[in-house]
Amino acid sequence: MTITSNASNALGIYIHIPFCIQKCGYCDFLSFTGSSRGDRKRYVDGLLEEILYWGGEHDELADSLRGRPVDTIFIGGGTPSLLEASEIDRLLGALARNFKLNTATEITIEANPGTINREQTASYRSAGVNRLSLGAQSFYANELMILGRVHSAADVRQAVADSRAAGFDNINLDLMFGIPGQSLKTWGDTLEQAFSLQPEHLSFYSLEIEDGTPFGAAFATGQLQAPCPETERQMYYEARWRLESNGFEVYEISNAARSGRQCRHNLKYWTMQEYLGIGLGAHSYIGRNRLVNPTEMSAYLAMVEQPDAVGEAMTAVRGSPATDKKTQDYRMRQPNTEADDQSDYLFTGLRLTRGLERAHFHNRYSVYPEDIWGAGIRRQLALGRLEYDADRSCLRLTMKGRDLMNQVLLDLFDS
Ligand code: SF4
């Protein structure tokens, strides 16, 4: 399977929906529970204002976006499936009026299998959504309960059946390993149950324990225990082996797809293509600028409900004193230096199985990775953690390097 970098000027758009029914014990994403119908409606109105802002004439940055072709849209969260289909329709309609979308635009929505039904999937499809990403995580009730998920394995099967009936031919299932109480056997069984639903794409992430979450506290006191690191590595390789045996290509450390079904939106992140983030705490990468929206709901709504303030916000630069109100209330903007940009590209490019495309890197920065991190690259090649493909067009991690990715990157960034 060949992946080509998107060298066109097409943009990706991410829309963040921060509402959930209940907070999963491990989750440190920007999401919260207890929203009312009215809260969600006001937020969607805010998203529409932000889309309208980017469609207007403001400054050089907005000018660089106005009317641009958009080839991927990702509505993520949170739990976007808590929104009504008519709200998704309004959002996509606003994007279509302010950017150039076409029938080939990949439009993904994340859905919680416990919050979606047949009618809703059909309405999403009619609104133009053509890719569905379901947070399945596990097919074992006790594992789902430990994670604090609101759905069952039966809900996942039903959601896939409903989506197929609605005409979705591009479905991703998110799976998780390293769950307390999970064994190699139950993980293997979860993978097999996922295969039986014939998804086009599978993501498989290990459970990360984050400070400040209920899991962080439970792990600190020993109340919960994850499988040992060796078992977790075995789970990772078990997944790769089973995926490849079932016709998937593992094209990124934690993502696998059938031929031609890689997530085009996520590939933008991994190949340093431009994307615009809309919504609470959403990140953007535009013209080598990193932008971050406010993470407080009241600040976000203030920003989008007062369009003049948004313009002012664009002058706010990360790194201003914390007492500077703009850095708290408005969108933060940090121009990437060329060195930052190159390091980001190395970091994301090495996540891909094919590795970092050297010619693409050179086209972008007029240097090859070896001109910047030569000593480290030579050391890691000698250690068998990095390698070139047959014609030296890509630099990539070996299997051994993948297990030690942090050490590889530290060595490269030190060189
Ligand atoms: S559904 Fe997703 S975003 Fe919501 S709490 Fe659970 S893990 Fe976090």
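**Note on the cores and the ligand shell**

1. Phenylalanine 99 touches Leu11, Ile13, Ile51, Trp54, Leu65, Gly67, Arg68, Val70 and Leu276, leaving aside residues up to four places away in sequence, where contact means heavy atoms within 4.5 Å. The model is predicted, with local features needing pLDDT of at least 70 and side-chain atom pairs counting only at pLDDT 80 or more, while totals for chains, interfaces and linings use all residues. Residues are numbered from 1 along each chain as its sequence is written, and side-chain values use heavy atoms, without hydrogens and water.

2. The largest nonpolar core (a set of buried Ala, Val, Leu, Ile, Met, Phe, Trp, Tyr and Cys residues joined through side-chain atoms within 4.5 Å) has 92 residues, and those with the most contacts inside it are Ile13, Trp54, Phe99, Leu173 and Ile278. Because domain 1 (11-270) and domain 2 (338-414) both give residues to this core, it lies between them; the domain bounds come from an automatic or database domain assignment.

3. Apart from this core lies another, of 11 residues, including Cys24, Leu207, Phe215 and Ala218. Cysteine 24 is buried, with a relative accessible area of 12%, whereas Cysteine 228 is partly exposed at 37%; buried means under 20% relative accessible area, exposed over 50%, and partly exposed in between (1.4 Å probe, protein chains only).

4. The residues around the ligand (those with a heavy atom within 4 Å of it) are Cys20, Gln22, Lys23, Cys24, Tyr26, Cys27, Phe29, Ser31, Gly78, Thr79 and Arg149. The structure holds 0 disulfides, a disulfide being a pair of cysteine sulfur atoms within 2.5 Å.
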